[in-house]
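Me: Could you take a close look at one strand for me and walk me through its surroundings? I would love a connected account that I can follow with the model open on my screen.

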Amino acid sequence: MAHTNSSFCGSPDHGVSRRGFLGTTVFAGATAFAANMRVMDALKNPCLAAELKRQQKSVILLWLGGGASQFETWDPKPGRLTGGPFRAISTDVPSVQISELLPKMAQRLKTTAIIRSLNTRNADHGGGTRLMETGRAMEQAVDYPDLGALIARELGRVDSQVPDYVSMYSETEGRHKGGAGFLGARYAPTFLTESMIPPNIRRPDSMTEIDHQERADLQKLLAKRFADKRYDPSVASHGMAYERVRGIMASEKLFDINLEPQSARDFYGPTQFQEQCLISRRLVEAGVPFVKVARAWWDSHGQNFETHLELCADLDQGMSALLDDLQQRGLLESTLVITLAEFGRTPHINASLGRDHFASAWSCTLSGCGIKGGAVYGKTDEDGQKVVDGEMKSGDLFATIFEALGIDHKKEYQLGARPIPIVDFGAKPAMEILA
Amino acid sequence: MNLVRDLLTLSIGLALATRLHAADLIAPELPIEQAVDHYVQTHLAERQVHPAPLADDGTLVRRTVLDLQGRIPTIAEAKKYIESTEPDKRLKLVDSLLASPDFSYQFRNQLDDLLMSGQKGNQNEWREYLLKSVRQNRTWDQMFRDMLIGNEEDPETKAATTFVRVRAKELDELTNETSTIFFGVNVSCAKCHDHPLVDDWKQDHYFGLASFFQRTYVTKKNVVAEKFTGEVKFKTTKGEDKVARLMFLTGTTVEEPVIEVSAEDRKKQDEEVKKQTQNDKAGPAPKPPFSPRAKLVEIALQSGNDQLFARAIVNRVWAMFLGRGLVHPLDQMHSGNSASHPELLDWLARDLISHKYDLQRLVRGIVLSQAYARSSEWSGSTASPAADLFAVALIRPLSPRQYSMSLRMASAAPETYKPESGGEEWPKRRDELERNCEGFAHQFEQPSENFQVGVDEALLFSNSSQVADDYLRDSSDRLIGAIRPETDKAKQITIAYWAAFTRPPSGEELAACEQFLDKRTEPVAGLRQMVWALLTSPELRFNH
């Protein structure tokens, strides 16, 4: 067990207290989050500047739970038997067309790259979800973290007083907490399901603010006696968790959209998804590095077209408002917005006018930070049956996401004796769509 | 396949070859605790490391009760031990804890966490089976037989085969979890390729082990059964198609006896199996004359091959009580990852085999050792010694159940629980306690390597009504209700410290708490806040 600590640069010259960091025994190199004021002092160190800059980036993942159809969104096949009833429309990028169900996004494709060549091979909800959440197939030997935990780990700000992985999943279809796997509970999501604010974030009514604070101060004082003589990272994580409570509680207001002017709320729209898009902007603006907004019920085995008519309108409005808002605030260049699901939907239209699960040729999008807007990566055949160019697996998508954020996709974590690459073996980023 | 560096070095043959000869080990008749201390001390002396002193009585009784009873001690239990002047009080304590009803619950829970962690679903019968096994001190090899090939017609062993039943759908999971849990070897990496550095670890080993499970299936009536035929085919890294031989991890192979079956009979067999998987009114599942799973159990327990089985459980039991395996991580027992104390591991494995896999005897020996009893505080001027020296006690997070039960007891009025009273009353109360604490236990993470406490846990304690209205209630059955009538603040604080930490407060702590209480305008609210600060201490969250 290494009891001496690491610093941001990995240089012993400016070591920070062991208690300032967590996981130094687990991971070589930097571990990024605040512990106490001693760490804050470390921020004055010039070597941290570059690190911090990278850390100001954020990700908003719009998760289309159940599996959205690529035909009715990003890869239309008008006029083909597989194409369905909807038209393709022109966009603000000459030569690129998308489904007419996304008219607002069609006017904002300059912010966005479309990937049309996902071939992920797992068309099962559970397995597909794990695969697209972690960027790799399940393996018995290792409990892999999901994208949110990886981003929290990589981009979590040193001086953060806010949660670093927020996941909003109000609908029940495909609801899944995900998790930090071997990175540890420090990177687990703040998970919102029934309520629009995180659980246990609000002080009990029976207590005054000052009592709550002084009680925490007493706890800290008494705990210190125990922790000081015991050199153990798990004990340190306990102190760290309690130290973060005040900051997290203060971030409650970030979840309250009543604090937004009516004009902003109108701009995003009234649906739950659209409101959560607005919350995600508030969170990102406050420094939360990863926010997931799930919008479920895309699993349209029956009535695929009616389903998409409704859901695409919701997505189109929420997503385009989010991109506009981020852009106006100067946040889009540091925020990567992703649309993704566990898989896409079949070219074949079944007897119930539905489309079934399909993982061999489907689409997702990346907008904003580090992305070459208007780019289209990969191609499917004329009926959307298979990928004919630029096949991309889940690991390749993850490599692309990391590179867009300035995170080296060849980075490795050290898990015991075993180095674990941040993306799946052999995964490569799609350089063509990176800015 | 560029997994080269990521592979575990899996060389069982080598690991066995480099083991010391039995003759080099110290005498087999020695008590386990003496062997442990001999090897651990020698190791320290060779490195000139002075270990931490033994923990004081209060710390030790707390640690031992947490480990052997799954909860903190009551004040009365602890004081009885601390105040005793008998020279063999520790021995007596350990023996009485092992004989108590609480031990069977706790050791059951430990085995459950080992065998079923990560598996979902209501497993009451399974947990009952484990409880009964611990009560009867069923030997580990017998439990292994029960779990892998238990008779499906006997309700008791049918509960044991839950181990296979919940994993039978996924061949990889069944193969790898059997291997990591019972043999300490994580073979999953060898699925995709031979080990590039060690010649004797091949894909053949992975698929060889999987072959023993290939025919296993679960019928519509939820019975574990085996098919008449079925083999594992795989593609080698060179791209050839290959049929795996039944091969144990040590390289021992099995030839399936050839039984002539007509095509017509074969077809009938296949139809019967199909019926079993589809029809919940089918008769008893057919039993093929050859059972690969039974063969695996037979081979794994054969003299020579049994080293893997014995060493894996020794290592796991050691880690349960010392916080780290002799081989670490626990699923990587191979030649590239040698034990910190190889002779000790050998000695303990030999001892376990010669005492017929009596786990409770092993537990007793480990808990009686000095290595177990050291202080977890390191106050020397040098850096804390490496964990694998066992020179200072390692801190272990409580399991969710231990934590939930300990919170319940720490926040109760001191006389509420009386495990020391004996009689018929306590076992019932313990059973209740176990059940009542289940719900809150689900809020916590199961300890694992690199365990961290997340902010969700801290928020739960800080703001949930569950904590405020239950643990911090001021009714007479709770700690706060019990100390409230006391007029002397120092007494209130002292009782609370004993209840939560099994010790009195230090002068500084007493002063800090008194000062805190003095500032409160509402005395009861003040007590609740102070008790909260104790309940949320790392001193209660971890076994130290």
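Reply: Happy to help! In strand 7 of chain A, A:Lys292 is the bridge partner of A:Ser167. Please keep in mind that this is a predicted model. A:Ser167 brings us to a neighbour of our strand: strand 5 (residues 166-168) of chain A is joined to strand 7 of chain A by three bridges, and the two run parallel.

There is another partner to look at. Strand 1 (residues 58-63) of chain A also runs parallel to strand 7 of chain A, and five bridges join them. To find this pairing on your screen, go to A:Val293 in strand 7 of chain A, which has A:Leu62 standing opposite.

Now for the side chains. A:Phe290, A:Lys292 and A:Ala294 point one way from strand 7 of chain A, while A:Val291 and A:Val293 point the other way. Whichever way they point, all of these residues are buried. Because five of the five residues of strand 7 (residues 290-294) of chain A are buried, the strand is largely enclosed by the rest of the structure.

Stepping back to the chain as a whole, 48 residues of chain A are in contact with 55 residues of chain B. On the side of chain A that touches chain B, helix 6 (209-228), helix 7 (233-250) and strand 16 (418-421) of chain A each supply at least two residues. That side of chain A has 24 nonpolar, 12 polar and 12 charged residues.

Definitions and conventions. Residues are numbered from 1 along each chain as its sequence is written. Chains are lettered from A and ligands numbered from 1 in the order in which they are written. This is a predicted model: local features need pLDDT of at least 70, side-chain atom pairs count only at pLDDT 80 or more; totals for chains, interfaces and linings use all residues. A residue is buried if 20 or more other C-beta atoms lie within 10 Å of its own, exposed if 12 or fewer, and partly exposed in between; C-beta atoms are placed from the backbone. Helices (H or I, at least four residues) and strands (E, at least two) are DSSP runs, numbered from the N terminus. Two strands pair if DSSP finds at least two bridges between them. Two residues are in contact if their C-beta atoms, placed from the backbone, lie within 7 Å. Ala, Val, Leu, Ile, Met, Phe, Trp, Tyr, Cys and Pro count as nonpolar, Asp, Glu, Lys and Arg as charged, and the others, Gly among them, as polar.
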